[in-house]
Amino acid sequence: MTIEHIARTANFRIYRYDPDKDAAPYMQEISVELDPTDRKLLDALVRLKSKDDSLSFRRSCREGVCGSDAMNINGKNGLACLTDIDSLPQPITLRPLPGLPVIRDLIVDMTQFFKQYHSIKPYVVNNTPPPERERLQSPEEREELNGLYECILCACCSTACPSFWWNPDKFVGPAGLLAAYRFIADTRDEETNERLDNLEDPYRLFRCHTIMNCVDVCPKSLNPTKAIGKIKELMLSRAV
Amino acid sequence: MKVAKRTFDAVIVGAGGAGMRAAVTLAESGLKTAVITKVFPTRSHTVAAQGGVSASLGNSEPDHWTWHMYDTVKGSDWLGDQDAIEFMCKQAPQVVVELEHYGMPFDRLDNGKIYQRPFGGHMSNFGEKPVRRACAAADRTGHAMLHALYQRNVRANTQFFVEWLALDLLRAPDGRVLGVLAMEMETGEVTVFQAKATLFATGGAGRIYYSSTNAFINTGDGVGMAARAGIPLEDMEFWQFHPTGVAGAGVLITEGVRGEGGILRNSDGERFMERYAPNAKDLASRDVVSRAMVTEINEGRGCGPAKDHVMLDITHLDPHTIMQRLPGIREISIQFAGVDPIKAPIPVVPTCHYQMGGIPTNYHGEVVVDGASVAGFYAAGECACASVHGANRLGTNSLLDLLVFGKSSGESMVEFIRKEPAALQEVPQAEIDKSLARVNRLNTQTHGADVHETRLAMQRTMQAHAGVFRFKDMLQQGVDKILEIEKQVAQTEIKDKSQVWNTARIEALELDNLIEVAKATIVSANARTESRGAHVRDDAPDTAEHPNGRDDANWLKHSLWYREGNRLDYKPVKLEPLTVESIALKTRAY
């Protein structure tokens, strides 16, 4: 039995900018013949790079767990490695994640994004001397962390959020707030109050206007808006 | 080229599990520590580990570290050093508990303790029956662990140099290691990172093969740098082919799937592992399962139009178990195989997964050459060879390796640094120039070899000549081919000459490292004329005199490959554990 392969071409419009040689960014129109085994957008980009080695993008695990290859794909943020190439209307327009400074081509400077992640104290705080064995946690308590701990810090959500675009230095953003709630929800963490204090500010938490772009783009199907809602609830119940 | 200089107490290259575990120990000791990493720490390949980390916690049933030790020695086909294996298995419960204290979101049992699942080759009572030893966070254990370690480092204020590529190891004339030269990707600027102690935790080099579960970044950078600096590489012929990579895509499907009850089936729907491993069945050691699968395929019982894979079946499991314990696997199957494993089996094929060999160390993480430790140089994790995995690693022992030897090397470094004088030795200019020459060549090379094509030629050669089953003639041809490809690697050309985030240059520099690993692998494999663990060849078959083709009289020894002169040497296996009795040689059966 022979399997016939229909020749497939992927046509792209790609944001290009190399500060070493380009006076300004431009959109490059470029096509590439795909191999039958090329399923994902990342496969096509790797093939494209084998023809033009100057195309720059981050990538690593190619299976959606490392969070490297987030980009803006036909106007929507996503991971190249989890996007079926055949599902995309052509020409496929690729831009760097919006709202962050561009370093080169599809590579953005993520300093501000990680600064916000670090600002929520992203680690379990427990000042009770640790027991000799594991701290106990019931399966139900552990289940509270589901939908939170799986974040891969790809930045699809925060860079899809208009509030983050306007105030990237003041608004923690959906990724950072999801992480904040991950530690609040952990029964082993003792600093819920301090964590809420840290977010009680007109910008850090309350710039979330439940636009829900974050939920729409998350490649891991997480729900930062829901986590933000829970933090707001805790703040209200604390105030009462 | 202008070269800046920075000095630290300790420099760690690599921010995966081993590097970040060592960083916790160093930073919490108050030492000035730099971690150089070519990707943001949580993007390191530890993130892709799925099934679990082993420790004889005994949370679900009786377990003991001596049973774990027995399984690991047997899994290694007796090539593992028993002192290091004892050290690792004994330390396991403590390092896993520490990780839990760092905030690792392990799954839980009803009594609140860490959830444990069975895994291949892990048995109770010295090989009797499978035991629940793998501590898991669903099927995202590596992700949860890497994030927990990064978070602990944020707390400890560890200084990270993110998206810097280490270029070469810097050594003094007396052999002492002085640090590394590294390039900042964003600017192309090169800096000397000088330190009293340097740790390589750079991971494996699975990208020497065409079909691999490994990430793009797994290019053996530390192993390549060590080889160029005159350090021999140990047991590089031993590569693990994971039984269950998604056919075609290579993406990993954890052994935890079989731990939860998954079954491998051939085109007749037969549970063929019953014939190959009557006791452990689908939970036999990985080398055993991979060979069984390839045998099924070679004998015409493969699945699909090309009969080139087998099926991993979990359709009989409760969908709730799949959703709760294997949610990531379900995602991967849908994404990369186009099947929902609740409804249909997953097409799988053995895929290159793990490098058992590496930079020779002892269980303190010190790099050891000719019986003596190299002053100031440490290695841990997949890039190192302690050697705990010997000729075949057990599933979940890799994450354990990262924790145990990340910690022990960190502790050794703290001790070493505290004894060192304050003043640092001068880095010889010749060392810096040698490394810069590699970068300068790429900046000026014209009419050279294409990086992508050259890498592909190497990967296809390794795949064809040093796979699951190895053949005498093919190995010899493979050596010749790889040595030819090496000449191409020496004259690769990149079109992109930019200084800013030049990924073409990074890939060319990575290929310099990959080719060292490929050479070490094929030369060591060609020379080892026995079958042992993951290294099985046609001219060393299963006979009465040599069961499984293993030849202890001649080959119970570690290979050492030297780049200089492309030569081999050997050293004995440490059969004496630290406190318990040696586990006597035996024919391996599951």
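Me: In β21(B), what is the bridge partner of B:Leu233?

Reply: B:Trp561 of β21(B) is the bridge partner of B:Leu233. Do keep in mind that this is a predicted model, where local features need pLDDT of at least 70, side-chain atom pairs count only at pLDDT 80 or more, and totals for chains, interfaces and linings use all residues. Residues are numbered from 1 along each chain as its sequence is written, and chains are lettered from A and ligands numbered from 1 in the order in which they are written.

Me: What makes β10(B) and β21 of chain B a pair?

Reply: Two strands pair if DSSP finds at least two bridges between them. Two bridges join β10(B) to β21 (residues 557-562) of chain B, so the pairing criterion is met. These strands run antiparallel. They belong to an open sheet of three strands with the order β10-β21-β22 in chain B.

Me: Why do β10 and β22 of chain B stand at the edges?

Reply: β10 (233-234) and β22 (567-572) of chain B each have a single partner strand, so one side of each lacks a neighbour in the sheet. Helix α15 (residues 503-527) of chain B packs on this sheet, touching β10, β21 and β22. Touching is a matter of contact, which asks for C-beta atoms, placed from the backbone, within 7 Å.

Me: How do you know that α4(B) is mostly covered?

Reply: A residue is buried if 20 or more other C-beta atoms lie within 10 Å of its own, exposed if 12 or fewer, and partly exposed in between, with C-beta atoms placed from the backbone. By that rule, 13 of the 15 residues in α4(B) are buried. In chain B, buried residues make up 64% of the 590 residues.

Me: Which span is expected for helix α4 of chain B, at 1.5 Å a residue?

Reply: The expected span is 1.5 Å times one less than the number of residues. Helix α4 (residues 141-155) of chain B has 15 residues, and the expected 21 Å is close to the 21 Å from its first C-alpha to its last. Just after α4(B), B:Asn157 takes a positive phi of about 60°.

Me: Why does the radius of gyration of chain B agree with a compact globule?

Reply: The radius is taken over C-alpha atoms, and the globule rule is 2.2 Å times the number of residues to the power 0.38. For 590 residues a compact globule would have a value near 25 Å; chain B has 23 Å, which agrees. The C-alpha trace of chain B spans about 65 × 55 × 50 Å along its principal axes.

Notes
Helix = DSSP H or I, 4+ residues; strand = E, 2+ residues; numbered from the N terminus. Contact = placed C-beta atoms within 7 Å. Axes fitted to C-alpha atoms, helices over the stretch in contact; angles between N-to-C directions.
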